[in-house]
Amino acid sequence: MAINADAQELAALRSLSASIGRDPHLTQAAGGNTSLKAGDTLWIKASGTWLKDALAGDIMVPVAIPPLISAVEQRDPAADQPQGFAIEALNARKLRPSIETTVHALMPQRVVLHVHCVDTISLAVQADCEAQVAKRLDGLEWAYVPYRRPGLPLAQGIAERLRPGVDVLILANHGLVVAAETVTGAEALLRRVTRLLARPPREVAEPNVVALTALIGRTGYRLPAAAEAHAVAIDPESGRMASGGSLYPDHVIFLGQGSVVARPGEDVLRVTERCGTAPVAILFPGLGVLMRGDASAGADAMQRCLADVTARVDVAAKLNYLTAAENDELINWDAEQYRQKLNAAGS
C-alpha cells in the first residue's frame, strides 16, 4: 500500500514539476528542483535536467537520506557531492542528483519544491527583502535565509534559520522553497505564496528590431529567443540594475558575471573589443538585446529571467549584488561546471 502511495505521489510530482518547468515566471532552464521523500529515499530532480521534461523522460534520482543528513550535520565536505549518496541500483541513467539535494533532505516535509520565481527573486535581491516579505507573508510559517552558495553552504544556512513548522523559505539572491506532506499541499502552498509575493512589472516599449538587425550584420549575434528578454535594455531602471553586477547564481552560470551594456555609439565589434571577448549577451540601451549565436537555450532563458526580475524590483531599493568572491565561487565550482556541460550538450 505504501509503495503504491509513493508511486502515485511521485507521478503527481512529475506532473507538477513539468507544469512548473513550463512557466518561465517560476523557473528557467535547468534551474529549480523538486523532490519526494519515500521512506529513507529522496527522489530529486537530476542536475542539469529541466523540470519541463519531467514527464518526457526520467529526470528523478534516488538518494539515501540518512547518510546525507549525517554528512550535513557533521559539515562533511562529502555532502557537497550528492552523487556520492545516490542509490545506484535505482539510478539507471547514472544521473547526478541536484546540486541542492542537501536543501531538500534537510526540510522535514515529504514534498519540497524549490523554484526561481521571478517575483520572489525581485524581492530577494533587495536589501530590505526580509521586511518586505514579512508584510506579505504575515500569518505563514516562513524563514529568511541570507545568501550562501547553493549546496552544503546553503543547507547549513537553512539549518541555522529553520524552526519547527516552517514550510516556506525565502532565499536571499536566489529564490523560494515551499514544503508540504503531499504534492497537492505543496502545489497549493506554492500558488498561495507566489500570489502573495506577486508584483506587476514596469511597462516598456517594444524593441527596435530594425536597429538590432542592422547591428547584427555578420557578427554572428542574433535576437533573443523570447521577445520579453529585450525589456532589460529598453527600460532605463532595469538596465541600471543589470549593469550593477550579478544578482543571483543562475545568471552567473548561464550568462557570466554581470551584464555587458553597450556604450553610446558602440556596435557589436566595439563591445567585444572593449571586453576582450564576445559576451553571451549585449544590452543596447533603448533598443534591446543581442545574444551570441552559440548561446545555449539556458542562456536565452536566463536573459529573459533578468528582464522579468529587474522589471519588478522597486526602483528606489538598494540592491545586494553577489560579490566578486561569490561570483568566482560559482564559476569554479565542479558541480556547476558539470551542469554547464550538460547544458551545452542540450541535455
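Strands, like helices, are DSSP runs numbered from the N terminus, a strand having at least two residues, and with that in mind you can select Met291, which lies in strand S11 (residues 288–292). Keep in mind throughout that this is a predicted model.

**Stop 1: Met291**

Is Met291 buried or exposed? Its relative accessibility is 0%, and because buried means under 20% relative accessible area, Met291 counts as buried. Now display what surrounds this residue: leaving aside neighbours within four places in sequence, Met291 is in contact with a set of residues that includes Tyr221, Arg222, Leu223 and Pro224, and also Val280, Ala281, Ala299 and Asp300. To get a sense of distance, add Ser35 to the selection, which is 256 residues away from Met291 along the chain, and see that the two C-alpha atoms are separated by 33 Å.

**Stop 2: the two domains**

Next, colour residues 1–197 as domain 1 and residues 209–346 as domain 2, following the domain assignment of the chain. The C-alpha centres of these two domains lie 26 Å apart, and 27 residues of domain 1 are in contact with 32 residues of domain 2. Between the two domains an area of about 2700 Å² is buried, and carbon and sulfur atoms give 61% of this area. On the domain 1 side, select Arg96, Tyr147 and Arg149, the residues that lose the most area to domain 2, together 19% of what that side buries.

A UniProt annotation from an unreviewed entry, "domain: Class II aldolase/adducin N-terminal", covers residues 12–201. If you select that range, you will find that the chain there is 34% helix and 18% strand, with the end C-alpha atoms 32 Å apart.

**Stop 3: Val125**

Move to Val125, in the loop between helix H4 (118–124) and helix H5 (129–136). Val125 has a relative accessible area of 0% and is buried. Which residues does Val125 contact, once its neighbours within four places in sequence are left aside? They are Asn173, Leu247, Tyr248, Val313, Lys318, Leu319 and Asn320. Tyr147 is 22 residues from Val125 in sequence, and the distance between them in space is 9.6 Å, C-alpha to C-alpha.

**Stop 4: helix H5**

From that loop, continue into H5 and pick out Cys129, Gln132 and Val133, which are the buried residues of this helix. If you look down the axis of H5, these buried residues fall within an arc of 95 degrees, so they line one face of the helix. Turn on the neighbouring elements to see what they pack against, namely H4, strand S5 (142–145), strand S6 (168–171) and helix H7 (183–197).

**Stop 5: the nonpolar cores**

Now show the largest nonpolar core, which has 72 residues, and highlight Leu113, Leu137, Val168, Ile170, Val193 and Tyr248, those with the most contacts inside it. With the domain colours still on, you can check that this core draws at least three residues from each of domain 1 and domain 2. Zoom in on Val193, which touches Leu137, Leu140, Val168, Leu176 and Val178 when residues up to four places away in sequence are not counted. A second, separate core of 14 residues includes Ala143, Val145, Val177 and Ala179.

**Stop 6: Thr102**

Finish at Thr102, whose place is in helix H3 (residues 101–106). This threonine counts as buried, at 2% relative accessibility. Not counting residues up to four places away in sequence, Thr102 touches Leu68, Val72, Ala79, Gly151, Leu152 and Ala155.

Methods: Residues numbered from 1 in each chain as written. Predicted model: local features only at pLDDT ≥ 70, side-chain atom pairs only at ≥ 80, totals over all residues. Heavy atoms only, no water. UniProt positions renumbered as here; feature names shortened; annotations may be inferred. Helix = DSSP H or I, 4+ residues; strand = E, 2+ residues; numbered from the N terminus. Buried < 20%, exposed > 50% of the residue type's maximum accessible area, 1.4 Å probe, protein only. Contact = heavy atoms within 4.5 Å. Core = buried A, V, L, I, M, F, W, Y, C linked by side-chain atoms within 4.5 Å. Domains from an automatic or database assignment. Arc of directions from axis to C-beta. Buried area = accessible area lost by both parts, 1.4 Å probe.
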